[in-house]
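Biologist: Please show me the model, and then let us go through its cysteines, cores and one sheet.

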Amino acid sequence: MRISLNWLRKYIDIQISPNDLADRLTMIGFEVENIEHLGAKYDRFVVGEVFEVQKHPNADKLTVCKVGIGTEVLQIVCGAPNVKPFQKVAVGLTGARIPHNQHDPDAKPFFLSQAKIRGVDSYGMICSAFELGIGDDKNGILELAKNAKPGLPLADYLGINDTILEVGITPNRPDAMSHIGIAREIGALLEQKVNTPSTKVKESKKGIGKYASVRVEDKQNCPRYTARVILGVKIASSPEWLKESLNAIGIRPINNVVDITNYVLMECGHPLHAFDYDKLDGHTIVVRLARKNEFFTTLDHKNRELRDDILMVCDAAHPVAIAGIMGGENSEISESTVNVFLESAYFRPQSIRKSAKYFGLSTDASQRFERGADPSITPWAVDRAARLIQDICGGEILRGKIDSYPKKISPRKITLRVGKTNEVLGIRLSAKRISSLLNKLNIEVLKSNSKGISNKSLTFRIPTFRPDIEREIDLIEEVARLHGYNNIETKNFATIQFSEGVPKEDITDIIRKELTGFGMREVVANSMQQKSVASLASDKIVEIANPISKDMSSLRTSLIPGMLSIIRHNIYHGTKNLRLFEIGRVYFHAPGSVDAKMVEGYTEDEHLLLTFTGVAQPLAWDQKPRFVDVFDVKGELQSLFDKISLDKIKYIPYPNTKALTENGLIIEINGEYVGSLGSVRREILDRFEVEQDVFIAELRLDVLSKHVKTIRRDFRALPKYPAVRRDLAVVLDSRVPVGGLEEKIWQSGQPLLTDLELFDIYIGDQIPSGKKSCAFALEFLSEDHTLAQEEVDDVIQNIIDQTSRSFGAEIRK
């Protein structure tokens, strides 16, 4: 926001330099991004007086002028037809930067130097309004007022010797989006009182009640509406001081009434709107929601379709303004305006934010209402504007004002603990010092409770212009700002608490660390998607009420679509071999669900997605490239499960034509469904323009974490006795899953069986049709003795008997 230093000085005496002021404001949270000295562009420009004008000896259209600039008289060659003796003119001296070259098609600036023009020396330039950048007139020089003093810097004469601070206002500080707001902060810094202008108005004997009325139908979105009526105004150009003030901060002057509303907005931060009183049907204002299929033409000449949740300011017949955002063509102030209806209202921030987003409009008014205006300032603002209108435009202010305020918004009260403040900030401040600091910001102490020095507390009343202060910690931040961040000592210390146990590590952090150790890369995808994309995995879609765009209209129901978009992006940029994972939330609309945690009828679950595509191993000269398959995914999953001490895992094949994957396996832990793995269906890959195969595993982290009881890495000594290794090949029905066979072998081989690995599956001519041969490598070990051959034979025989009984398996011969 542009803040004028001259404007600030109307409210507070500032004796420090602009640079010092900028540093101090930055240290209390208002970063000054730039300092602009408006008069700098007119450096080496002065007021001059033409003493003599003679024809140029070598050019018919040029004259040779003698111009006094206070300390000396310069000879200047001039080509303007209107130059004459005793004029007061704007003179550019040698070295001046002329803002516009009127002889250049692009009007680029240029630097003035001493020149010989047609044989005559010229030591400066008499400038036109166009060349100075303050008007469009190129036909002659700019004539200044007769009382202008020769030698006076031109910036001082034009009244643009102001300094502008470009201040970065954070979104939570709407109170600082004005000159009085910044002056209040400076007053706290410099320990000075801020002097606000008088709002006392001279009212006529005519009461406002006979001339206008206000009805607020939507009191929730418009808690307060204040108005005044001024009759008999004269619309004209604003006085120079008002135009200069607005121009300095980048606002284009329009006419005196509109300029006054803009001036008050930038002065106190509260938006106002002026209606042409005679254009209001019934001289009535109605604040209501728009009606369906209603249209409205705003001041920017656009005809807009209204939605039935948009707050509108209307007259007795039709809308006249989008509340808190922009007025309409049908009631704007024009040259024919004689009577003015002045609005000063407080609108609910959520309502204005929603309307501004819908229309794609961001105005000075909407920016302040969205962040939270001050409901208590509406009478002051309307009186201030009414007085300025009366002083500048004439007219009579009707007696009284309309103020619809059915439910008063009371100042918030917050209790601050002195001990807690000192603990958080690492300093020692007394209750008196804390009260003194906060009082500088109009935060008044209401009461003090003493329960010992360490338990003393203070209760403060928070002014309504500070919507950002909601909790004790917010008050502590204000104390820190005013005490000075640079006055808070940085202390380095460490504490050791032996009485507490080791904090439990979060399962997501453990998984993230392990997968990163496996060489996988984590990605983060947007949780908002197109509705058609979100519906690929489930029809229980959560649709967003006010989406940013159609591409982000729904919340995701699976992590897979977002991952496919990332894979496509990487492939397009030349990276085709990918091992990625994401930990994120998915959302479902589930009316009546008992799993709803935050909002009734909606559930959200945290998922883990592993994704593999491309070549499985790094390329090597001595082997052919092998592309990843579903077994790579299963292997990585099994490694992860081993790392986090999970067992009793089952992989169950399942056919599902509606899923995003095919050739899939359901994953169960202790009999509970935890997720699935498989290859992404070809039609899904085609939709995302991914030509190569993609394999995934998507797991529910809430279920996974439930089965991770304690992650331990127990020390185990190396075995003292040798292990015995045997191979076992069995023939059984080809439809029997290998997982079930492995589980039966594990059960039958206990307690001596310590390792089991499948190393071959054979289907062919050497075994009967419909059968398959599964070959396993078995390892047996005892911790207290060397195993005898007979012991191992007995265990293997038990394995053969159990698998034969359960699956009809036979030893392959």
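Modeller: A disulfide here is a pair of cysteine sulfur atoms within 2.5 Å. The model is predicted, with local features needing pLDDT of at least 70 and side-chain atom pairs pLDDT 80 or more, while totals for chains, interfaces and linings use all residues. Residues are numbered from 1 along each chain as its sequence is written, and side-chain values use heavy atoms, without hydrogens and water.

Biologist: How many disulfides does the count come to by this rule?

Modeller: Take Cys65, whose closest cysteine sulfur, in Cys78, lies 5.1 Å away, so the two are too far apart for a bond. By the sulfur rule the count of disulfides comes to 0.

Biologist: Is Cys65 buried or exposed?

Modeller: Buried means under 20% relative accessible area, exposed over 50%, partly exposed in between (1.4 Å probe, protein chains only). Cys65 has a relative accessible area of 0%, so this cysteine is buried.

Biologist: Which element gives the largest share of the largest nonpolar core?

Modeller: A nonpolar core is a set of buried Ala, Val, Leu, Ile, Met, Phe, Trp, Tyr and Cys residues joined through side-chain atoms within 4.5 Å. The largest has 52 residues, and Leu25, Ile182 and Ile186 have the most contacts inside it. Elements are DSSP runs numbered from the N terminus: helices (H or I, at least four residues) and strands (E, at least two). The largest share, 8 residues, comes from α7.

Biologist: Which residue in β22 stands opposite Ile322?

Modeller: Strands pair if DSSP finds at least two bridges between them. Strand β21 (residues 319-322) pairs with β22 in the antiparallel sense over 2 bridges. Opposite Ile322 stands Met326.
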